[in-house]
Amino acid sequence: MSAQSRLGRRLIQLYVGLALYGASSALLVEAGLGLEPWNVLHQGLAELTGLTIGVVSIFVGAAVLLLWIPLRQRPGLGTVSNVFVVGIAMDGTLAAVPEAHGLAVRIPLLLAGIVLNGVATGLYIAARFGPGPRDGLMTGLHLRTGRSIRLMRTAVEIAVVATGFALGGTIGIGTVLYAVSIGPLAQLFLRVFDVPSASDSSTVVATGQPGRAILRR
């Protein structure tokens, strides 16, 4: 595969992955059986402010990205794109998908959302354009404190979930199911969508191993 075609494939993977990530998060919102940790916070803030959950996601992502400055983390194209694409895709999907009623519909939506989230995570991480702002926060705290990524992620996400729940975000069986399944799912699809690395470099590429920020739990 030539360098140009490899870059083209990676860009497609990045933006398809981010769009699917937002869509998958919207399915979890529609299911109403519990959200992933950060979206518990986003939903709670949306309830408080009257903004859409996608818009809140964009604002929170931008705020978290500012925390990268003292942590000396370097964003990539994927990092900045994550802030905007996920939120836009989430709001777009919520507007397009009819409201779900009854467990016969909500449970399949939940399962589809979790699996799609794993696919999306594998796609955008394998593209290697840099971690999302929240994942980079975990790795930055890990590097600055010397504590494990697992510990940093757990501490931050407990605080995020607790704050979101206090503001009205949804915690449920979906939150637990997501927590125990997203690691294996993302690892599986990371292998499926992996793009062989090239020796050439690009200014839009952030190198490193962002997958560990998501997959190590």
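1. Let's start in a loop. Arg128 sits in the loop between α5 and α6. Its phi is positive, about 60°, although Arg128 is not a glycine. That deserves a second look, because most residues other than glycine have a negative phi. As for surroundings, Arg128 counts as partly exposed, with a relative accessibility of 29%. Keep in mind throughout that this is a predicted model.

2. Arg72 is another one to click on. Here too phi is positive in a residue other than glycine, with a value near 60°. You'll find Arg72 in the loop between α3 and α4, the latter helix covering 77-96. Is Arg72 buried or exposed? Its relative accessible area is 68%, so Arg72 is exposed.

3. Now follow Arg72 across to a partner. Arg144 lies in helix α6, and the two residues are 72 positions apart along the chain, yet their C-alpha atoms are separated by 8.9 Å. Which residues does Arg144 touch, once those up to four places away in sequence are not counted? They are Pro70, Leu71 and Arg72. Arg144 itself is partly exposed, as its relative accessibility is 49%.

4. Stepping back, what does the whole chain look like? The secondary structure comes to 9 helices and 0 strands, so reading from the N terminus you simply get α-α-α-α-α-α-α-α-α. The chain has 217 residues, and 50% of them are buried. Take the contacts with a separation of 6 or more: 84% of these join residues 24 or more positions apart.

5. Have a look at how two of those helices meet. Two packed helices are described by the angle between their axes and the distance between the axes. For α6 (residues 133-145) and α7 (residues 149-166), the angle is about 125° and the axes are 9 Å apart. With that angle, α6 is oblique to α7. The crossing of α6 past α7 is right-handed.

6. Who makes that contact? From α6 come Asp135, Leu137, Met138, Thr139, Leu141, His142 and Thr145, while α7 supplies Ile149, Met152, Arg153, Val156 and Glu157. Sorted by class, the contact of α6 with α7 has 6 nonpolar, 3 polar and 3 charged residues.

7. Next, the rings. How many aromatic pairs does the structure hold? There are 2. Tyr21 and Tyr124 form an edge-to-face pair, with 6.0 Å from centre to centre and 80° between the planes. Because Tyr21 is in helix α1 (residues 3-31) and Tyr124 in helix α5 (residues 103-126), this pair ties together parts that lie 103 residues apart in sequence. Tyr21 counts as buried at 18% relative accessibility, and Tyr124 is buried too, at 4%.

8. Phe189 and Phe193 make up an aromatic pair that is stacked: the centres are 6.1 Å apart and the planes differ by 20°. Phe189 is buried, its relative accessible area being 17%.

9. Finally, try Ser57 in helix α3 (residues 53-71). At 4% relative accessibility, Ser57 counts as buried. What is Ser57 in contact with, leaving aside neighbours within four places in sequence? Its partners are His42, Gly87, Met90 and Arg134.

Note on methods: Residues numbered from 1 in each chain as written. Predicted model: local features only at pLDDT ≥ 70, side-chain atom pairs only at ≥ 80, totals over all residues. Heavy atoms only, no water. Axes fitted to C-alpha atoms, helices over the stretch in contact; angles between N-to-C directions. Helix = DSSP H or I, 4+ residues; strand = E, 2+ residues; numbered from the N terminus. Parallel < 35°, antiparallel > 145°, perpendicular 65-115°, else oblique. Left-handed = near helix turned anticlockwise from the far one by under 90°. Contact = heavy atoms within 4.5 Å. Nonpolar A, V, L, I, M, F, W, Y, C, P; charged D, E, K, R; others polar. Phe/Tyr/Trp six-rings, centres within 6.5 Å; stacked < 30°, edge-to-face > 60°. Buried < 20%, exposed > 50% of the residue type's maximum accessible area, 1.4 Å probe, protein only.
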